[in-house]
Amino acid sequence: MKVSLSWLKEYIRVDLEPSVMAKKLTMAGLEVDAVEERYDFFNNIVVAKVNEVKKHPNADKLSVCTVDAGGDEQIQIVCGAPNVRAGMYVPCALPGAVLPGELKIKKGKLRGEVSAGMLCSASELKLNTDAAGIMDLEGDFVAGTPLDEALKVSDTVFEIDLTPNRPDCLSIIGVAREAGAFMEPKAKVRFPDFMLPEDKIGCESIHDYAKVQIIDPDLCPRYSAGLLFDVKIEPSPFWLQERLESIGLTPINNVVDITNFVMMEMGQPLHAFDFDEVAKGKIIIRRAGSDTNFTTLDSKEHKLESDMLMICDGERPVALAGVMGGENSEISDSTTRVLVESAYFNPVSIRKTAKKTGIASDASHRFERGVDPDGTVRALNRAVSLMAQICDATIAKDIIDEHPNKPVPLEIDLNTNALNTRLGTNLSTDAIGEILTSVEFKVEKTDDARLKVGIPFFRVDVTRPEDLSEEVARLWGYNNIQTSYPLVPAKGRLLDKKIVLREKIRQIMTGFSFSEVINYNFIYENSCDRLNLLDNDKRRHVETILNPISDQMSVLRSSLIPGLLETMKRNISQQADTLKLFEIGKIFFATQKGLLPEEKEMIAGLITGNRSDSSWYSKKSKVDFFDLKGGVEGFFEALMIENTVFEKIEDEFCPYYKDGYAAYVKSGDTLMGTLGKIDEKVLKNYGLKQDAFIFDFNFNAIQGLLPKVVTAEPLPKFPSISRDITIIVDKTVTVGAILKQIELISKKEPLIQKVFLFDVFEGQPLSEDKKSLSFRVVYRSASKTLKEKNIKKLHVNISKIILDKFNADLPE
């Protein structure tokens with residue numbers, strides 16, 4: 001919304017500098033985005049005195065003028081104006097000036113004669129419509145005086161970014177009303193005097209010529225119309241054109257310009273029909289119904305929907321109500337009778353129509369936000385009065401004002417104590433009343449702490465006491481409200497344990513150089529088949545999406561694994577073949593039809609590609625199952641979950657893992673999840689060719705195993721001593737079983753601090769069904785330095801138990 005300061009001053013006293021005005025408007029809620037001076041193009045345009053005029057030697061209609069423009073020397077300018085003469089003062093555009101229309105002035109030659117500027121007409125400077133000759137400045141001037149200073153011409157234009165809830169400010173009078181509230185002393189809006197001229201009112205009544213019928217009053221509660229005869233369609237007078245151009249509108253003709261002027265002045269959109277094109281003199285307001293197409297003023301054809309509101313005559317639609325008029329009834333040069341429409345339309349209906357047709361007009365912009373339902377007749381009379389004067393027209397007696405649904409005035413009971421509490425202010429009831437009265441609220445004091453506030457119809461945004469609190473705050477000044485703090489310091493609430501755990505898991509996994517991925521909860525319908533899940537597997541109970549985005553997102557995921565494999569495929573297609581990924585998210589299992597699915601939170605991860613790339617100091621090597629297992633062990637160690645064991649998966653619970661390369665992960669009797677190598681058939685189902693290793697854990701199971709109390713032990717004072725045990729066992733014997741046996745021994749022997757596997761060997765000279773395992777046992781005492789004699793018997797005993805328990809042999 002652009003607002004001209006000179007236009008604004010017609011309705012209210014303004015004695016503030018433009019910069020101060022812009023700041024106060026912004027603080028009042030009307031944010032000023034830009035402030036510009038309309039006559040900035042007057043730079044390098046000065047008052048000049050024509051000292052000599054000679055005929056151009058090479059052109060009959062041109063003159064060579066010697067001009068004093070205030071410089072050290074006189075300049076020569078070639079001029080084609082017939083009224084140029086010696087001794088006159090004229091506007092002179094010097095080289096570097098830019099006139100309206102992006103006309104750049106520079107020194108040059110015209111028909112062989114040097115011209116160092118341009119003598120301007122009033123039309124070229126947008127000061128008048130006179131283009132017959134150069135502008136003759138009457139009076140005494142000093143040559144070289146800047147033209148805007150000499151003529152005292154200035155106008156500041158504010159560009160205001162209005163919020164959708166303030167349609168009352170989509171007019172010059174609306175902004176004037178706001179400006180008056182912060183003037184000192186407060187100023188009242190001076191409404192224009194638009195009494196209908198008695199000598200222009202004819203003898204014939206509008207009711208003898210026109211009829212208005214509202215068929216859909218829910219979409220058009222009020223429709224007013226006036227009629228004029230003997231209208232002369234001409235260009236608008238300069239003052240009207242200047243007003244429209246000041247806010248960025250283009251003049252068209254006097255009738256259309258008047259409707260635009262009143263809309264910008266009062267905020268009420270109007271429309272003018274060529275009454276000779278209105279069939280049977282009828283205006284019918286109804287839904288489009290069976291009408292299918294309509295051509296608007298811009299010559300574009302639009303497809304209509306049955307619920308769009310139309311303005312129709314006795315035979316056809318003539319306008320899209322509140323949006324744009326029709327080509328079949330527009331004002332033309334031959335128009336002599338004009339019907340002026342001023343109506344109130346349902347904002348939602350206009351919004352829908354404007355969106356569906358793709359038309360964004362000044363009228364729809366106002367109607368869809370809400371105009372003053374009580375202002376239609378006032379705006380109509382203003383427009384008719386101006387047309388009678390400017391178009392030399394005769395006004396038909398009376399107006400049509402169909403008003404089936406009259407709005408009910410709104411009154412709000414305002415508790416001023418509650419308002420002060422809400423704002424943190426200490427305003428008196430009288431002061432609050434004065435503030436609200438300044439923007440034309442009707443205020444009546446009912447007792448010491450209560451006001452009855454009548455809401456004007458143009459304030460569609462005020463419906464409750466809280467809205468009045470906002471009015472008081474912005475008009476009194478947000479900057480005047482003192483900052484205060486609660487007397488009792490606010491206490492923060494501890495984060496939910498799940499949130500804390502999720503964040504801790506992210507820190508651990510990113511510390512292990514994993515990257516978090518976030519996949520959609522929606523997956524392919526055949527994802528369970530691609531994982532080779534058994535028919536009775538619970539993960540086949542997927543919840544189907546009723547209206548899926550695509551066939552790739554037709555069911556809720558029952559596992560995080562499909563998403564990780566899809567992410568792996570997508571990365572490999574982009575030449576990123578070494579990945580370490582993890583995801584924390586929910587999976588879903590369908591229950592009964594119509595009920596919400598069962599949800600379970602999971603943590604899954606994937607590694608694939610190279611352990612290390614080929615370089616001068618190392619050879620390329622691929623990741624394997626033990627890389628993933630080591631990462632998982634580190635993960636649980638970081639979470640301080642003890643007694644983690646890995647048990648080989650012997651059943652068909654996870655058919656997507658390769659046989660012999662998968663394990664359950666447990667702590668005590670709690671199953672936390674699984675890990676393993678993805679089977680080649682599953683990889684093929686996902687279009688993958690390189691190995692992938694995945695873990696899949698239950699979030700709640702992990703949370704239940706977190707230690708309730710964390711204890712610390714002092715660092716050991718005495719050194720440790722290590723001894724190795726190497727045994728030969730059957731290949732079917734698992735390392736985990738041996739470590740578990742040694743762990744049972746360590747519970748009775750406090751000197752055993754740690755046991756771990758450090759070597760595995762298979763092949764010659766061992767038989768095919770045998771393997772060699774080497775374990776290191778670390779011993780330490782909390783009270784002394786151990787010697788060989790202290791652990792020799794214990795170490796022999798451990799070796800003997802393992803040899804007997806697992807039918808093992810010692811190497812030869």
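In which loop is S299 found? S299 sits in the loop between β18 (293-295) and β19 (301-303). The views below show this residue and other close-ups of a predicted model.

**View 1. S299 and N532 are two loop residues with positive phi.** Most residues other than glycine have a negative phi. S299 is not a glycine, yet its phi is positive, about 65°. S299 is partly exposed, at 48% relative accessibility. N532 also departs from the rule, with phi near 60°. The loop that holds N532 runs between α14 (527-530) and β31 (555-556). N532 has a relative accessible area of 28%, which makes it partly exposed.

**View 2. Two prolines follow cis peptide bonds.** Most peptide bonds are trans. E184 and P185 are joined by a cis bond, with omega about -5°. P185 belongs to the loop between α4 (172-181) and β13. Q764 and P765 are also joined by a cis bond, and here omega is about 10°. P765 lies in the loop between β41 (752-761) and β42 (770-779).

**View 3. Helix α16 spans residues 625-638.** The helix has 14 residues. From first C-alpha to last, α16 reaches 20 Å, close to the 20 Å expected at 1.5 Å a residue. D624 caps the N-terminal end of α16. A side-chain oxygen of D624 lies 3.0 Å from the backbone nitrogen of F626. Buried residues of the helix include F625, L628, V632 and F636. G634 and F635 are buried too. Just after α16 comes M640, with a positive phi of about 60°.

**View 4. C120 is a buried cysteine without a disulfide partner.** A disulfide is a covalent bond between the sulfur atoms of two cysteines. The search of the whole structure finds 0 disulfides. The closest cysteine sulfur to that of C120 belongs to C92, 7.1 Å away, so the pair is too far apart for a bond. The cut-off is 2.5 Å. C120 has a relative accessible area of 0%. C391 is likewise buried, at 1% relative accessibility.

**View 5. L495, I499 and V500 make a nonpolar surface patch.** The patch covers about 280 Å². V500 lies in helix α13 (residues 497-511). V500 is partly exposed, with a relative accessible area of 45%.

**View 6. E204 lies in strand β13.** The strand runs over residues 201-205. E204 is partly exposed, at 41% relative accessibility. In sequence, E204 and L320 are 116 residues apart. In space, the C-alpha atoms of E204 and L320 are 29 Å apart.

How values were computed: Residues numbered from 1 in each chain as written. Predicted model: local features only at pLDDT ≥ 70, side-chain atom pairs only at ≥ 80, totals over all residues. Heavy atoms only, no water. Helix = DSSP H or I, 4+ residues; strand = E, 2+ residues; numbered from the N terminus. Expected span 1.5 Å × (residues − 1). Buried < 20%, exposed > 50% of the residue type's maximum accessible area, 1.4 Å probe, protein only. Polar contact = N/O pair within 3.5 Å; in protein donor to acceptor, adjacent residues only side chain to side chain. Patch = residues over 30% accessible without salt bridge, like charges linked within 9 Å, V, L, I, M, F, W, Y side chains within 5 Å. Areas by Shrake-Rupley, 256 points an atom, 1.4 Å probe, with all protein chains shown as cover. Salt bridge = Lys/Arg side-chain N within 4 Å of Asp/Glu carboxyl O.
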